[in-house]
Amino acid sequence: MRFEFEPIGLCRSPYTDKFGIPRQPRLVTAAEARIELLPPYDREEAFAGLEGFSHVWLVFVFHQDCLQAGWRAQVRPPRLGGRDKVGVFASRSPYRPNPIGISAVAQHGLERQGKRLMLRVAGADLLDGTPILDIKPYVPYADAITDAVGGFANTRPEARFRVDFSEQAHRQMNEQDVDNRLRLRDLIEQVIAQDPRPGYMDRYPERREFALQLYDLEIQWRIDAERVLVTSVRPR
């Protein structure tokens, strides 16, 4: 059997590059995104009643290279340091037989931008432009399983780094986010504190300088022991 689906919307998120995307939803609460609904799904009546739910499930497609890359029976999850293998169905790897993902995120209601209808969400872990297949309400009594066991990912990862900003980075952030609408400082701090580097990077302790992209900005940062210094925040 074969099935064909068309997206109902596209995610517009701060993550314009895969490097820096948190590995699970809601780890970076400052990440605010919008689901741009595509016609004919851009109708307010399709969301009547959603205002009573604090969170929603986003069902999405891992696009870009995942669609053509194929899959393997075993993968190396970042949570295990990128070394140990587990079965693909015991992981959330994007390289799957069907590259579909789910994320539970906070929802903050609809807004109109010209003719476009948007659903505002927070805590998303999706690349900008991700196709959204469906939106479903998060139902706590059914979806929150209090006695669930999480295998090798049983606890929430702790922030790995303390993140500081140079004077230049402070000045550049203020220039790029004058009214703090993007929550740029919080966003950068939360993304880097989680350590977005691949799990195998501890094999290369000599590498100390990195860069990632958020919105249309390049953020440069340097690791010093358990501390990160953000040195530059400038347009790409």
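Which residue in S11 is the bridge partner of Leu 214? In this predicted model, the partner is Leu 217. That pair is a good place to enter the sheet.

Strand S10 covers residues 209–214 and is joined to S11 by 6 bridges. The two strands run antiparallel. Their hairpin leaves 2 residues between the strands, and Tyr 215 there has a positive phi near 55°.

S11 spans residues 217–224 and has two faces. Leu 217, Ile 219, Trp 221 and Ile 223 make up the covered face. Glu 218, Gln 220, Arg 222 and Asp 224 lie on the uncovered one.

Next comes S12. S11 and S12 are antiparallel and share 8 bridges. Glu 218 has Arg 234 of S12 as its bridge partner. The hairpin of S11 and S12 also has 2 residues between the strands. Here Ala 225 takes the positive phi, near 60°.

S12 (residues 227–235) has S9 as a parallel partner, with 4 bridges joining them. Asp 164 stands opposite Leu 229 of S12. S9, residues 162–165, alternates its side chains. Val 163 and Phe 165 point to one face and are buried. Arg 162 and Asp 164 point to the other face and are not buried.

Now put the strands together. The 4 strands form an open sheet in the order S9-S12-S11-S10, with mixed pairing. S9 and S10 each have a single partner strand, so each edge strand has one side without a neighbour in the sheet. From one strand to the next, the twist averages 30°.

Two helices pack on this sheet. H3 touches S9, S11 and S12, and its direction makes about 40° with that of S12. H4 touches S9, S10, S11 and S12. The direction of H4 makes about 140° with that of S9.

What does the largest nonpolar core contain? It has 30 residues. Those with the most contacts inside this core are Leu 187, Ile 188, Ile 192, Ile 219, Trp 221, Val 230 and Val 233. S9, H3 (167–176), H4 (184–193), S10, S11 and S12 each supply at least two of the core residues. H4 gives the largest share, 6 residues.

Ile 219 shows the packing at the level of one residue. Leaving aside residues up to four places away in sequence, Ile 219 touches Ile 188, Ile 192, Phe 210, Ala 211, Leu 212, Leu 214, Val 230, Ser 232 and Val 233.

There is also a second, separate core of 18 residues. Its members include Ala 33, Leu 50, Phe 60 and Val 105.

How values were computed:
Residues numbered from 1 in each chain as written. Predicted model: local features only at pLDDT ≥ 70, side-chain atom pairs only at ≥ 80, totals over all residues. Heavy atoms only, no water. Buried < 20%, exposed > 50% of the residue type's maximum accessible area, 1.4 Å probe, protein only. Pairing = 2+ DSSP bridges. Core = buried A, V, L, I, M, F, W, Y, C linked by side-chain atoms within 4.5 Å. Contact = heavy atoms within 4.5 Å. Axes fitted to C-alpha atoms, helices over the stretch in contact; angles between N-to-C directions.
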